[in-house]
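Trainee: I'd like a close look at a single part here, the surroundings of the ligand. Please take me through it and what it connects to.

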Amino acid sequence: MNKIKISAVAYTNTKAFIYGLEHSDIINKIDLSLDIPSDCAAKVISGQVDIGLMPVAAIPLVSNANIVADYCIGSDGAVNSVFIFSDVPVEKIKTLRLDGHSRTSNNLAKVLLKFYWKQEVEFTTDPIVKTDAIVLIGDRTFGKKNNFAFAYDMGEEWKKFTGLPFMYAAWVANKEIDQAFKDEFNAALKFGLEHRKEVLKELPKTENFDLEDYLYHKLQFDVTEDRKKALNMFLGYIEEL
Ligand SMILES: C=C(O[C@@H]1C=C(C(=O)O)C=C[C@H]1O)C(=O)O
């Protein structure tokens with residue numbers, strides 16, 4: 001049997017999923033690579049992999065996109081790893097640097113700035129340019145909240161804006177995946193989530209950051225109806241940018 005090629009996110013937010021895949025027989029049926037989110041998206045879009053834990057903002061760029069798992073990377077309010085860090089309060093932000101690792105959060109920043117905060121902002125991806133604010137996601141944000149004058153948690157701001165939880169990344173396939181594989185995949189992901197205690201023990205300590213709170217509370221992993229509603233709303237806003 002040909003192995004199913006899978007790209008997952010190389011951040012702490014995905015460690016429980018990886019634990020589950022590695023401790024299940026499914027590991028023998030997949031080719032797993034760990035990538036930054038923007039590369040996950042590129043691999044699913046190009047067909048280099050069959051399934052990716054893909055930034056949801058890139059779903060419209062995938063032909064035959066379908067969500068194959070009941071689990072995702074989500075939050076209900078603050079997530080503590082998806083930020084706009086800024087030298088000025090949000091109503092004074094004129095320039096913002098996007099994060100090269102991100103697809104979802106870069107768009108989330110644009111959506112919030114335009115439709116929630118009603119700010120006109122110039123965006124750049126140039127790492128050298130000095131801007132009022134930056135988007136930063138993932139492990140590189142851990143413990144950095146207090147290094148900036150203002151830190152806007154975008155999960156929290158989305159909730160204030162819409163009243164809804166959020167989905168940052170979902171397991172998206174670019175082809176039909178058979179149900180037996182999906183069932184086994186879901187079971188492995190669930191097993192990983194149920195073993196977050198073991199995952200926590202293996203993680204390096206991080207200063208000024210509560211990993212337990214992050215894995216058990218800030219991150220939420222279920223693809224719920226509200227999270228799907230939020231996804232559709234978010235993709236609608238992106239079209240209007
Ligand atoms: C919660 C997070 O969700 C992520 C944010 C993503 C994005 O902005 O494109 C993609 C995948 C997730 O890793 C995070 O990275 O901190």
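**Around the ligand**

Mentor: The ligand shell takes residues from both domain 1 (4-76 + 165-228) and domain 2 (82-162), so it lies between them; those bounds come from an automatic or database domain assignment. Bear in mind that this is a predicted model: local features need pLDDT of at least 70, side-chain atom pairs count only at pLDDT 80 or more, and totals for chains, interfaces and linings use all residues. Numbering runs from 1 along each chain as its sequence is written.

Seventeen is the tally: of these 17 residues, Pro 37, Pro 55, Ser 81, Ser 102 and Ser 105 come nearest to the ligand (near means a C-beta atom, placed from the backbone, within 6 Å). Helix 3 (104-116) and strand 10 are the elements giving two or more residues to this shell; helices (H or I, at least four residues) and strands (E, at least two) are DSSP runs numbered from the N terminus. By type, the shell has ten nonpolar residues, six polar and one charged (Ala, Val, Leu, Ile, Met, Phe, Trp, Tyr, Cys and Pro are nonpolar, Asp, Glu, Lys and Arg charged, the others, Gly among them, polar).

Two of those nearest prolines lead on to Ala 169: leaving aside neighbours within four places in sequence, its contacts include Pro 37 and Pro 55, along with Met 54, Val 56 and Thr 104 (contact means C-beta atoms, placed from the backbone, within 7 Å). Ala 169 is also, with Met 54, Val 56 and Met 154, one of the residues touching the most other members of the 65-residue largest nonpolar core. Strand 10 (residues 166-173) supplies the largest share of that core, eight residues.

Key:
A nonpolar core is a set of buried Ala, Val, Leu, Ile, Met, Phe, Trp, Tyr and Cys residues joined through C-beta atoms within 7 Å. A residue is buried if 20 or more other C-beta atoms lie within 10 Å of its own, exposed if 12 or fewer, and partly exposed in between; C-beta atoms are placed from the backbone. Two residues are in contact if their C-beta atoms, placed from the backbone, lie within 7 Å.
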